[in-house]
Amino acid sequence: MRAQPFTMEHWGLTLPDVDATPETAYGPLDEHEQRLLAEAHRAVDNARTARWMLGYSLEVVRRRRLYRGDGTRTWEQYLQQEHDGLSTSEADRLQKTWRLAQTVQKELGRPLPDSHLRKLQPYAERTSDQEAARAYAELYWAHQEGGVRLVANQVQQRVKKAVAAGKGVSDPAERSQAVSAAWTTAPEAVMPTQRVEAERQSGTPSRSSDPVDGALELLNVARQTIENATEDKAARKARSPEEAQRQQDAIRRIGRILSKVKVDADATPNVNVDAGAVDEDGIVDAELVED
């Protein structure tokens, strides 16, 4: 018989007898309300922690061959019977990533979303779990200080650029150093609109008065808004497959239109343009345009 999971008795969150209204609940949260909100957040953190703990438990069961049951059951049969048909590939992924998830949680003080974990894994593979955890925490807190929510696509883009710096480096130690250095020297993790506002308040001129740059700033804000919207779990549950396909087609159509836009210059530039710089201000991620 399975051990019983955690129950509501372990949780300090209770439903009210009467719903709060704008007249009865207003202004900053009091101490009791703050405790209730913290308990509500525990549900999210517990779910994310349980995800990597599942990977840990799967590795224990596999390596100790506990799945064999009466001696004849295979690993695949165990996953089918005890984990509701969990695929072997997903079980392998969970076993591969739980150490990184645990390390990030220790570094950050809270678990990271599974979507962020998947995007961060390539960086950890080329450096270490500890370095990846440190780098992710740095990126996370930079966004928090800027008032911007970190989304998986931003983690992916940062990792992609850092990993690219290690291509062609055969020595593992040198490759790790190159990848880590590329992450460290990457642009500050804040939204363009915040950067422009900070420059305005400090009296420092923006990087360009070109209207194309202004349009790019707006498109980056739009991209961030779309990325945030796609991670809204409540909306995802309510969305029909047909509606999702319509929205996906619209995003791809916008990407195709933008890819045909040509920016001309009358004067020949006197500096070499780094091809990598195009990615830095990219508007539509390739994943949103093509399968």
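This passage describes two nonpolar cores and two buried residues in a predicted model.

A good place to begin is the packing of the helices. The largest nonpolar core comprises 25 residues, and within it V104, L120, Y123 and Y136 have the most contacts. Two or more residues come from each of α3 (88-108), α4 (114-126), α5 (129-146), α6 (152-164) and α7. Helix α5 is the biggest contributor to this core, supplying seven residues. Once residues up to four places away in sequence are set aside, L120 touches L100, V104, L112, A132, Y136, V155 and V159. A further core, of eight residues, lies apart from the largest one and includes W75, Y78, L79 and A91. In soluble globular proteins, nonpolar side chains tend to be buried together.

Attention can now turn to V179, which sits in helix α7, spanning residues 172-184. Because its relative accessibility is 0%, V179 counts as buried. Beyond its neighbours within four places in sequence, V179 is in contact with Y123, R126, T127, A162, V163 and G166; among these partners, Y123 also appears in the list of residues with the most contacts inside the largest core. The C-alpha atoms of V179 and A124 are 10.0 Å apart, while 55 residues separate the pair in sequence.

The last residue to visit is E39, which belongs to helix α1 (residues 31-63). With a relative accessibility of 17%, E39 falls under the 20% limit and therefore counts as buried. Its side chain makes a polar contact with the side chain of R42, at 2.9 Å. Leaving out residues up to four places away in sequence, E39 touches W11, G12 and L13.

Notes:
Residues are numbered from 1 along each chain as its sequence is written. This is a predicted model: local features need pLDDT of at least 70, side-chain atom pairs count only at pLDDT 80 or more; totals for chains, interfaces and linings use all residues. Side-chain values use heavy atoms; hydrogens and water are left out. Helices (H or I, at least four residues) and strands (E, at least two) are DSSP runs, numbered from the N terminus. Buried means under 20% relative accessible area, exposed over 50%, partly exposed in between (1.4 Å probe, protein chains only). Contact means heavy atoms within 4.5 Å. A nonpolar core is a set of buried Ala, Val, Leu, Ile, Met, Phe, Trp, Tyr and Cys residues joined through side-chain atoms within 4.5 Å. A polar contact is a pair of N or O atoms within 3.5 Å; within protein, one must be able to donate a hydrogen and the other to accept it, and residues adjacent in sequence count only if both atoms are side-chain atoms.
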